[in-house]
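Here is a relaxed walk through one protein model, with the sequence and coordinates to hand. We start from a single side-chain contact and work outwards.

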Amino acid sequence: MEKIRVLLVDDEADFRRPIAKRLDRRGFEIHEAGSGEEALDYLEANPIDVVVLDVKMPGLNGIDTMARIKERFQGIEVILLTGHSSTEDGVEGIKQGAFDYLTKPIELTHLAGKINQATEKRRREIEKKREAEFRTKMEQQMVATERLASLGTLSTGIAHEIDNPLAIIKESAGYMRLVLNKDEMSGIPRQKDLSNAVDKIEAAVDRTRRITHQLLGFVRKQEKSFMETDLKALADETLEFLGKEARQNNIEISIEAGGERVIWSNPYEIRQVLINLVTNAIHATPAGGRITIRIEDQGEGVALTVADTGSGIPKENLDKIFEPFFTTKPPGQGTGLGLYVSRGIVGRLGGKMRVDSRVGRGTKIVIELPRCQPPVEGEITDNENICYEILNRIKGEPES
């Protein structure tokens, strides 16, 4: 148990030092100061739980010293010692925030008891403050969760409604293209402009469909396609898929894979997450920059990291990047759904996603995935057996 740290402040050394020694023998950690000014300087550099403070001192008196302590060092309790004066000083001190006051000559057991009581009060105040902060944080998270749930419901409803007219627009655009390409249409005025207009309609339909499919994919109950999943192979596929765009932007992508990289999971969803993260990294990284896909064996789990040397994410945006439709990309270059969908996928796979970013230094997104998806409680499945086989192979134990 840590000792209670006490600062004993009194200008009379012949009184202060014997008290300090006797409190020290009782197990307190005692520090001394000979004036109010010296006490304030000491508190600037040293943590203290309780200050025992003489009221009558030359220079800065005890009441004024306590007022400055309360102003500058919140949470420190003060016990006043009154000597030659009346008890009015002690009463005034309590009105201004002192824990209690004792009248000289003091009885040491009484003083030690007051110090313990003041420390207990301080401990309760700290716990109360922590509980209040935790409660506030939980309430904020609940509000954010409810807001995201409402947004998800609203968004998917809109996505369903949009899909049907999109199909009609796509079909009509295809029919227009068919008509424009007929021989009897050759030579009509501005045929090329009309063809370009159809191209734009089809491109806009395709982009809108990607958005609606991402939204529907986030909330749709997934058919779990769990199998042995080689994360290095998925990283290679992602690099093959996005390598051309990276090279065009003069960005180097590398893969670092150490230890066992096979897990029992859904490779299709992990690949979608990787493509989302690497695409974001490419868009955030300037020419000459680097992107690293790192796979680290963590025993019964695996860490999959995508790190870039890009522009980084401002601190004020870190809490928003997983919200749907939040994007800092120029209009038309981002849907704001990539990280939102990716975090949902990682959660479904039993993993966690966290982000570490510094403006001007780059961003690192770490995904921690279990080696095997935990089975439903009370249910024994083939998946669970295969999970055990994978774990046994990693540990070098014979497969059962």
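The side chains of His-31 and Tyr-42 are joined by a polar contact of 2.5 Å. Keep in mind that this is a predicted model, so the distance is computed from predicted atoms. His-31 has a second partner too: its side chain makes a polar contact of 2.9 Å with the side chain of Glu-29. His-31 belongs to strand E2, which covers residues 29-33. Is His-31 buried or exposed? With a relative accessibility of 19%, it counts as buried, because the cut-off is under 20%. Setting aside neighbours within four places in sequence, the residues in contact with His-31 are Val-6, Leu-7, Leu-8, Tyr-42 and Ile-48.

Stepping back for a moment, the protein has 400 residues, and 39% of them are buried. Its secondary structure comes to 10 helices and 12 strands. Of the contacts with a separation of 6 or more, 67% are between residues 24 or more positions apart.

**Around Lys-104**

Next comes Asp-54, in strand E3 (residues 50-54). Asp-54 has a relative accessible area of 2%, so it is buried. Its side chain makes a polar contact of 3.3 Å with the side chain of Lys-104. Not counting residues up to four places away in sequence, Asp-54 also touches Val-9, Asp-10, Asp-11, Gly-62 and Leu-81, along with Lys-104 itself.

Lys-104 turns up again in another setting. Where does its charged end sit? It lies over the ring of Phe-15, 4.3 Å from the ring centre. As for rings paired with rings, a search of the whole structure finds 0 aromatic pairs.

The backbone here deserves a look as well. Lys-104 and Pro-105 are joined by a cis peptide bond, with omega at about -5°. Pro-105 is placed in the loop between strand E5 (100-103) and helix H5 (108-180).

**Backbone angles to check**

Most residues other than glycine have a negative phi, and most peptide bonds are trans. Here are some positive phi values from this model, a glycine among them.

| Residue | Place | Phi |
|---|---|---|
| Arg-190 | loop between H5 and helix H6 (191-219) | about 60° |
| Asn-250 | loop between H7 and E7 | near 55° |
| Gly-350 | just after H9 | about 80° |

Arg-190 counts as exposed, because its relative accessibility is 63% and the cut-off is over 50%.

**Helix H7**

Now for H7, which runs over residues 231-248. What caps its N-terminal end? Asp-230 does, with a side-chain oxygen 2.9 Å from the backbone nitrogen of Lys-232. Just after the helix comes Asn-250, with its positive phi of about 55°.

Does the length add up, and what span should we expect? At 1.5 Å a residue, the 18 residues should span 26 Å, and the end C-alpha atoms are 25 Å apart, which agrees. There is nevertheless a kink of about 55° in H7, centred on Leu-242.

Leu-242 is also one of the buried residues of H7, together with Leu-231, Leu-234, Ala-235, Thr-238, Gly-243 and Ala-246. An α-helix has 3.6 residues a turn, so residues three or four places apart point the same way. The cover over the buried residues of H7 includes strands E6 (227-230), E7 (252-258), E8 (262-265), E9 (290-297) and E10 (301-308), as well as helix H8 (267-284).

**Helices H8 and H9**

Thr-279 is found in H8. Thr-279 has a relative accessible area of 18%, so it is buried. Which backbone oxygen lies 2.6 Å from a polar atom of the Thr-279 side chain? That of Ile-275. Thr-279 and Glu-245 are 34 residues apart in sequence, with 9.0 Å between their C-alpha atoms.

Helix H9 (residues 338-348) is mostly covered, with 8 of its 11 residues buried. The buried residues are Gly-338, Leu-339, Tyr-340, Val-341, Ser-342, Gly-344, Ile-345 and Val-346.

Notes. Residues are numbered from 1 along each chain as its sequence is written. This is a predicted model: local features need pLDDT of at least 70, side-chain atom pairs count only at pLDDT 80 or more; totals for chains, interfaces and linings use all residues. Side-chain values use heavy atoms; hydrogens and water are left out. Rings of Phe, Tyr and Trp (its six-membered ring) pair if their centres lie within 6.5 Å; planes under 30 degrees apart count as stacked, over 60 as edge-to-face and the rest as tilted. A charge sits over a ring if NZ of Lys or CZ of Arg is within 6 Å of the ring centre and within 35 degrees of the ring normal. Helices (H or I, at least four residues) and strands (E, at least two) are DSSP runs, numbered from the N terminus. The expected span of a helix is 1.5 Å times one less than its number of residues. The bend at a residue is the angle between axes fitted to the seven residues ending there and the seven starting there. Buried means under 20% relative accessible area, exposed over 50%, partly exposed in between (1.4 Å probe, protein chains only). Contact means heavy atoms within 4.5 Å. A polar contact is a pair of N or O atoms within 3.5 Å; within protein, one must be able to donate a hydrogen and the other to accept it, and residues adjacent in sequence count only if both atoms are side-chain atoms.
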